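Visitor: I am new to this structure and would like a close look at a single part of it. Could you take me slowly through one helix and what lies around it?

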Amino acid sequence: MKQLEFVKPKEKNTFEKIASHEQVVFCNDPATGLQAIIAIHDTTLGPALGGTRMYPYKSVDDALEDVLRLSEGMTYKCAASGLDFGGGKAVIIGDPEKDKSPALFRSFGQFVDSLNGRFYTGTDMGTTTDDFVEAFKETNFINGIPEVYGGSGDSSISTACGVIHALEATNEYLFNNNDLGNRTYAIQGLGKVGYKVAEQLLEAGAKLYITDLNQDAMTQLNTKAKDTNGEVEQVDSEAIYSTDADIFIPCAMGAIINDQTIGQLKVKAIVGSANNQLQSPAHAKMLQEKGILFAPDYIVNAGGLIQVADELYGPNTKRVLVKTKAIYRSLLDIYVQAELDAITTVEAANRKVRSVLEEQRNRNNFYSRKRRPKWNIRE
């Protein structure tokens with residue numbers, strides 16, 4: 001028998017890799033050491049919006065792969081949140097502990113400004129609001145800036161509010177009652193968002209299983225619990241997956257729903273703020289087959305995005321809270337649609353996004369000589 005010869009798939013060139021994106025900009029400034037990539041995925045709904053992360057990528061190809069993936073994700077997140085913005089993202093190649101300088105971020109701000117409003121950006125992993133105060137000196141196309149500079153402040157507050165609304169919707173769907181109390185929750189990660197979610201659940205009288213690398217955060221939450229009707233039990237990082245809770249709330253790392261952890265889960269639902277919780281799309285189907293309801297993370301954690309997008313119209317806390325509350329109805333609709341169509345909640349959410357984009361493409365064909373109010377944003 002003739003042995004079959006393995007044919008290695010042809011590697012895509014750069015143009016093939018970026019074919020699904022509207023625009024990709026390579027930013028190079030030897031004087032400041034800036035090496036960055038800005039990716040604009042889709043501006044059907046409006047200017048691209050997405051944070052800028054700084055990371056010591058091993059290669060330019062690795063950085064390109066990351067920014068393309070992240071910018072596409074922002075298109076879905078903006079569409080699902082009802083925002084008049086498209087998807088974009090930027091990455092800066094470098095060690096955030098060693099390679100930052102005010103000059104580097106001012107240089108980056110000039111590249112952002114050269115896009116003339118096609119891309120708005122702010123903080124992400126490895127960057128801070130102080131970095132973007134420098135970029136803000138060179139361009140107005142920055143969001144998520146400190147309140148003293150006209151920004152809207154800490155976005156983790158609105159992100160946590162969105163998670164709470166998502167939990168209420170999940171309880172409504174599963175238990176016909178959106179009350180947060182009298183339920184048990186396993187919270188992975190007590191950072192800015194996870195801690196705020198935990199506080200609100202304790203005040204509602206819930207029992208929490210918690211884990212975090214920061215022992216001080218867990219101790220502080222234990223102290224907080226004494227002044228509420230809630231209860232806290234600490235577990236180690238691996239035991240969090242097998243707790244006998246009603247709902248698992250991942251608020252730390254991504255890719256934590258995988259072949260190893262799904263087998264341990266005993267919960268009825270997963271509702272958390274962590275990005276990219278599923279290691280692969282196949283894991284959504286595995287959760288469905290196991291009878292675990294999964295709330296798509298880009299719906300649940302949209303509160304922060306809603307805030308920084310709204311900031312461009314002028315900071316308004318009350319307006320942000322109203323917009324964030326819409327996560328409740330949006331998630332309930334996705335749960336119901338997934339059940340009706342016998343598909344995963346991820347596919348139901350993705351279908352909704354594609355429908356929103358298609359509807360807007362049709363509307364974009366309607367000529368208007370004036371700029372519409374929804375895009376009367378900071379320039």
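Guide: A residue counts as buried when its relative accessible area is under 20%, as exposed when that value is over 50%, and as partly exposed in between. Please keep in mind throughout that this is a predicted model.

The part to look at is helix α5, which runs over residues 156-175. With 20 residues at 1.5 Å a residue, α5 should span 28 Å, and because its end C-alpha atoms are indeed 28 Å apart, the expected and the computed lengths agree. Helix α5 is mostly covered, since 14 of its 20 residues are buried. Just after the helix comes N176, which takes a positive phi of about 60°.

Consider next the neighbour against which α5 rests. Helices α5 and α6 pack at an angle of about 50°, with their axes 9 Å apart, which makes α5 oblique to α6. The crossing in which α5 passes α6 is right-handed. On the side of α5, the contact is made by S156, I157, T159, A160, V163, I164 and L167, while α6 contributes K192, V193, K196, V197, Q200 and L201. Sorted by class, this contact between α5 and α6 holds 8 nonpolar, 3 polar and 2 charged residues. A general point helps in reading such lists: an α-helix has 3.6 residues a turn, so residues three or four places apart point the same way.

From α6 (residues 192-203) one can step onward to α7 (residues 215-225), for these two helices pack at an angle of about 20°, with their axes 10 Å apart. That angle makes α6 roughly parallel to α7, and their crossing is right-handed. Here Y195, A198, E199, L202 and E203 of α6 meet A217, Q220, L221, K224 and A225 of α7, and by class the contact has 6 nonpolar, 1 polar and 3 charged residues.

Returning to α5, its residues L174 and F175 are among those touched by K268, whose other contacts, leaving aside residues up to four places away in sequence, are A245, D246, G291, I292 and L293. K268 lies in the loop between α8 (259-262) and β11 (269-270), and because its relative accessibility is 39%, K268 counts as partly exposed. Although K268 and G291 are 23 residues apart in sequence, their C-alpha atoms are 7.1 Å apart in space.

Key. Residues are numbered from 1 along each chain as its sequence is written. This is a predicted model: local features need pLDDT of at least 70, side-chain atom pairs count only at pLDDT 80 or more; totals for chains, interfaces and linings use all residues. Side-chain values use heavy atoms; hydrogens and water are left out. Axes are lines fitted to C-alpha atoms, for helices over the stretch in contact, and angles run from 0 to 180 degrees between N-to-C directions. Helices (H or I, at least four residues) and strands (E, at least two) are DSSP runs, numbered from the N terminus. Angles under 35 degrees count as roughly parallel, over 145 as roughly antiparallel, 65 to 115 as roughly perpendicular and the rest as oblique. A crossing is left-handed if the near helix is turned anticlockwise from the far one by less than a right angle, and right-handed if clockwise. Contact means heavy atoms within 4.5 Å. Ala, Val, Leu, Ile, Met, Phe, Trp, Tyr, Cys and Pro count as nonpolar, Asp, Glu, Lys and Arg as charged, and the others, Gly among them, as polar. The expected span of a helix is 1.5 Å times one less than its number of residues. Buried means under 20% relative accessible area, exposed over 50%, partly exposed in between (1.4 Å probe, protein chains only).
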